[in-house]
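This briefing introduces a structure to a reader who has not met it before. Please view the sequence and the model first, and then read the notes grouped by topic below.

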Amino acid sequence: MLGFLLDPFRYEFFVRGLVAATVVGGLCGMVGTFVVLRRMSYIGHGLSHSVFGGAVVSYVMSWNFYLGAGLWGFISAVLINWTARRRQIGGDAAIGIVTTASFAIGVAIISKARRFTKNFDAALFGNVLGVTPEDVYVVVGVTLLVAVLVFFAYKQLLFMTFDREVAPLYGVPDRWMDTLLSLILASTVIASMQILGVTMIAAIIVVPAVTARLLTDSFARMVLLATAIGTLCGLVGMLLSYYLDVASGATVVLTAAAVFLIVLSATSVRRRLLAQRSRRNTARLSPAEVSDLFD
């Protein structure tokens with residue numbers, strides 16, 4: 001039994017993938033808190049598709065993946081943020097224009113140069129076999145950088161999350177904060193792309209944060225819980241992907257979805273029990289005591 005449990009750790013590539021997926025899960029959970037509370041879930045989905053175009057261009061130009069995809073992703077994030085500020089164009093329309101155009105560029109290049117289509121199957125769906133030491137270093141570095149930025153800009157980001165209209169009146173640079181959050185999200189997508197794949201990133205950004213929201217009303221606790229849930233899903237999902245022989249990105253997302261369903265069911269049952277207890281307590285009160293409750 002012990003040998004069965006320790007079997008995946010005999011492979012160096014799996015250990016690298018496990019570390020990367022675990023760290024990526026925590027990173028996506030942390031960033032996802034801001035994304036979910038600001039109702040920006042569609043941006044994570046859009047940016048992941050936008051970065052795909054940059055990844056294809058990087059391959060064709062023989063550039064470093066993170067250099068090309070990173071530059072493309074940052075430009076896309078700034079363009080989305082800049083376009084969405086125009087009153088005539090909504091945020092969803094801006095995302096649709098920028099990200100679909102970028103994704104279409106990638107698809108067009110792939111259709112023209114079919115020799116590397118297989119490489120981008122991994123980019124779309126994730127590939128644990130392709131995780132290199134460089135990928136692990138990038139993921140850890142981006143996670144540390146994002147954690148530092150969130151720590152020092154915590155109050156401003158908090159203000160922008162809950163009262164965006166009033167924040168500028170208290171000296172919060174709203175445009176800079178919007179740009180900073182967009183760049184943080186782009187960095188998260190780029191760091192996660194090799195591990196989870198383009199099609200799975202948006203889910204792992206959103207699901208841990210939504211799950212944490214069910215468990216607490218405190219913003220600080222939500223950040224910590226979302227980070228912990230994302231980390232756990234990355235770790236457990238990778239182990240399950242090995243034993244079940246299923247794509248790692250899909251397994252991580254399915255693990256997060258399973259945790260969400262468990263928490264949703266538990267909180268629903270708890271709420272129902274509390275409501276029933278409250279009704280029983282009210283039924284035991286005398287008419288005078290009931291009247292006092294509404295005075």
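Is F219 buried or exposed? In this predicted model, F219 is buried, since its relative accessible area is 9%. The notes below begin with the chain as a whole, then turn to the aromatic rings around F219, and finally to helices α9, α7 and α10.

**The chain as a whole**

- The secondary structure of the chain amounts to 13 helices and 0 strands.
- The chain has 295 residues, of which 44% count as buried.
- Taking the contacts between residues at least 6 apart in sequence, 74% join residues at least 24 apart.

**Aromatic rings**

- A pair of aromatic rings is described by two values, the distance of the centres and the angle of the planes.
- The whole structure contains 6 aromatic pairs.
- One of these pairs is formed by F34 and F219; it is edge-to-face, with 5.5 Å from centre to centre and 70° between the planes.
- F34 belongs to helix α2 (residues 12-37) and F219 to helix α11 (residues 219-244), so this pair ties together parts that are 185 residues apart in sequence.
- F34 is buried, with a relative accessible area of 2%, and F219 is buried as well, at 9%.
- F219 also forms an aromatic pair with Y154, and this one is tilted, at 5.7 Å centre to centre with 45° between the planes.
- The pair of Y154 and F219 links distant parts of the chain: Y154 is in helix α8 (residues 154-162) and F219 is in helix α11, 65 residues apart.
- Y154 is partly exposed, because its relative accessible area of 26% falls between the limits of 20% for buried and 50% for exposed.
- Through ring pairs, F34, Y154, F162 and F219 are linked into a cluster.

**Helix α9 and its partner α7**

- Helix α9 (residues 174-196) has 23 residues, which at 1.5 Å a residue should span 33 Å; the C-alpha atoms at its ends are 31 Å apart, in agreement with that expectation.
- Of the 23 residues of α9, 18 are buried, so the helix is largely enclosed by the rest of the structure.
- The axis of helix α7 (residues 133-152) comes within 9 Å of the axis of α9, and the two cross at roughly 160°.
- An angle over 145 degrees counts as roughly antiparallel, and α7 is therefore roughly antiparallel to α9.
- The crossing of α7 past α9 is left-handed.
- On the α7 side the contact is made by D135, V139, V142, V146 and L149, and on the α9 side by L180, I184, S187, A191 and Q194.
- In an α-helix there are 3.6 residues a turn, so residues three or four places apart point the same way.
- G197, just after α9, takes a positive phi of about 85°.

**T211 in helix α10**

- T211 is found in helix α10, which covers residues 198-215.
- With a relative accessibility of 0%, T211 counts as buried, because the limit for that class is under 20%.
- Apart from its neighbours within four places in sequence, T211 is in contact with I229, V259, F260 and V263.

Note on methods: Residues are numbered from 1 along each chain as its sequence is written. This is a predicted model: local features need pLDDT of at least 70, side-chain atom pairs count only at pLDDT 80 or more; totals for chains, interfaces and linings use all residues. Side-chain values use heavy atoms; hydrogens and water are left out. Helices (H or I, at least four residues) and strands (E, at least two) are DSSP runs, numbered from the N terminus. The expected span of a helix is 1.5 Å times one less than its number of residues. Buried means under 20% relative accessible area, exposed over 50%, partly exposed in between (1.4 Å probe, protein chains only). Contact means heavy atoms within 4.5 Å. Rings of Phe, Tyr and Trp (its six-membered ring) pair if their centres lie within 6.5 Å; planes under 30 degrees apart count as stacked, over 60 as edge-to-face and the rest as tilted. Axes are lines fitted to C-alpha atoms, for helices over the stretch in contact, and angles run from 0 to 180 degrees between N-to-C directions. Angles under 35 degrees count as roughly parallel, over 145 as roughly antiparallel, 65 to 115 as roughly perpendicular and the rest as oblique. A crossing is left-handed if the near helix is turned anticlockwise from the far one by less than a right angle, and right-handed if clockwise.
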